[in-house]
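The following account leads the reader through one protein model, from its overall form to its metal site and its backbone. Please keep the sequence and the structure in view while reading.

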Amino acid sequence: MTIRPILTVPNPVLKQVSKPVAEVTDETRALMDDMLETMYDAPGIGLAAIQIGVPLNVIVMDLVKDKDESEDNDRGDEKTPEPNPKFFVNPEILEAVDELRPYEEGCLSIPEVYDEIERPNRVKIRYLDYHGKEVVEWAEGIYAVCIQHEMDHLKGVLFIDYLSRLKRSRAVKKVQKFEKSKDVA
Ligand code: NI
């Protein structure tokens, strides 16, 4: 497994539309392994392949980390929850409820920027898992938020695209400044 560099805005590759995977092979699994390693290292709870420059409909996710941070997480002496990685190849949304839920989103490609986005609270999804097996299930809460955010990446859409033009350009400037400060350090 290799940690790959994560592309950040305004890299035009992030606006690219990803393509379906013809078949889940060892090569696909190697990509997913790298993506998971990269995501854990960042750290983040979701990552789409395009964020490491691979324009394929592949997503990795692990929501355990987020739970750990939002709940009573002490100074590291607390038991770390077991990782619970999820892999999505060619995900599709089959159904979405009308009820919208606001959630403060962030993105590894837009570091240091967070804003509230409204999305359907429950979505029915279909995808192939790590072994190429088809799964159909309902996602809700943070899972629904995350899968919709990641699936947007596959269409070249970022969460800041839902914000006003002013907020969006501010976000991009903030990221550029942040990335520059990292280069110097
Ligand atoms: Ni993202």
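Two residues are said to be in contact when heavy atoms of theirs lie within 4.5 Å. In this predicted model, residues 24 or more positions apart account for 67% of the contacts with a separation of 6 or more.

The protein has four helices and seven strands. Read from the N terminus, these elements follow the order α-β-β-α-β-β-β-β-β-α-α. The radius of gyration is 16 Å, close to the 16 Å that the globule rule gives for 185 residues, so the protein is as compact as a globular protein of that length. Taken along the principal axes, the box filled by the C-alpha atoms is roughly 45 × 40 × 35 Å. Of the 185 residues, 43% count as buried. The protein exposes about 10600 Å², and carbon and sulfur atoms supply 50% of this area.

The metal site is considered next. Which protein atoms serve as donors of the nickel ion? They are SG of Cys 107, NE2 of His 149 and NE2 of His 153, and they lie 2.1 to 2.3 Å from the ion. Along the chain, the donors follow the spacing C-x41-H-x3-H. Distant parts of the chain are linked by the pair Cys 107 and His 153, which are 46 residues apart. Cys 107 is placed in the loop between β4 (100-105) and β5 (115-120), whereas His 153 belongs to helix α3 (residues 142-154). Both Cys 107 and His 153 are buried.

Gln 51 touches two of these donors, for its contacts include Cys 107 and His 153. Gln 51 is found in the loop between β1 (46-48) and β2 (58-61). Is Gln 51 buried or exposed? Its relative accessibility is 1%, and therefore Gln 51 counts as buried, the limit for that class being under 20%. The side chain of Gln 51 has polar partners: it reaches the backbone nitrogen of Ala 48 at 2.8 Å, and it makes a polar contact with the side chain of Ser 109 at 2.9 Å. Leaving aside neighbours within four places in sequence, Gln 51 is also in contact with Pro 5, Ile 6, Leu 7, Leu 14, Gly 46, Leu 108 and Glu 150, among others.

The nonpolar interior comes next. In soluble globular proteins, nonpolar side chains tend to be buried together. The largest nonpolar core here has 17 residues, of which Ile 59, Met 61, Phe 88, Ile 125, Ala 139, Tyr 143 and Ile 147 touch the most other members. At least two residues of this core are supplied by each of β2, β6 (122-128), β7 (134-140) and α3. Helix α3 gives the most, with six residues. A second, separate core of 16 residues includes Met 35, Leu 36, Ala 49 and Val 60.

Two members of the largest core may be examined individually. Ile 59 has its place in strand β2, and it counts as buried because its relative accessibility is 0%. Not counting residues up to four places away in sequence, Ile 59 touches residues including Met 35, Leu 47, Phe 87, Phe 88, Ile 147, Met 151 and Leu 154. By contrast with these contacts, the C-alpha atoms of Ile 59 and Pro 111 are separated by 19 Å, with their positions 52 residues apart along the chain. Under the same exclusion of sequence neighbours, Ala 139 touches Asn 121, Arg 122, Val 123, Ile 125, Ala 144 and Ile 147.

Several features of the backbone remain. A cis peptide bond joins Val 9 and Pro 10, with omega about 5 degrees; Pro 10 lies in the segment before α1 (26-41). The peptide bond from Ala 42 to Pro 43 is also cis, with omega near -10 degrees, and Pro 43 lies in the loop between α1 and β1. Asn 90, in strand β3 (residues 86-96), has a positive phi of about 50 degrees although it is not a glycine. Glu 112, likewise not a glycine, has a positive phi of about 75 degrees. Glu 112 is placed in the loop between β4 and β5, the loop that also holds the nickel donor Cys 107. At 41% relative accessibility, Glu 112 counts as partly exposed.

Technical notes
Residues are numbered from 1 along each chain as its sequence is written. This is a predicted model: local features need pLDDT of at least 70, side-chain atom pairs count only at pLDDT 80 or more; totals for chains, interfaces and linings use all residues. Side-chain values use heavy atoms; hydrogens and water are left out. Donors are N, O and S atoms within 2.8 Å of the metal (3.2 Å for Na, K and Ca); water is not among the atoms, so sites may look incomplete. Buried means under 20% relative accessible area, exposed over 50%, partly exposed in between (1.4 Å probe, protein chains only). A polar contact is a pair of N or O atoms within 3.5 Å; within protein, one must be able to donate a hydrogen and the other to accept it, and residues adjacent in sequence count only if both atoms are side-chain atoms. The radius of gyration is taken over C-alpha atoms; the globule rule is 2.2 Å times the number of residues to the power 0.38. Accessible areas come from the Shrake-Rupley method with a 1.4 Å probe; for residues, only the protein chains shown count as cover. A nonpolar core is a set of buried Ala, Val, Leu, Ile, Met, Phe, Trp, Tyr and Cys residues joined through side-chain atoms within 4.5 Å.
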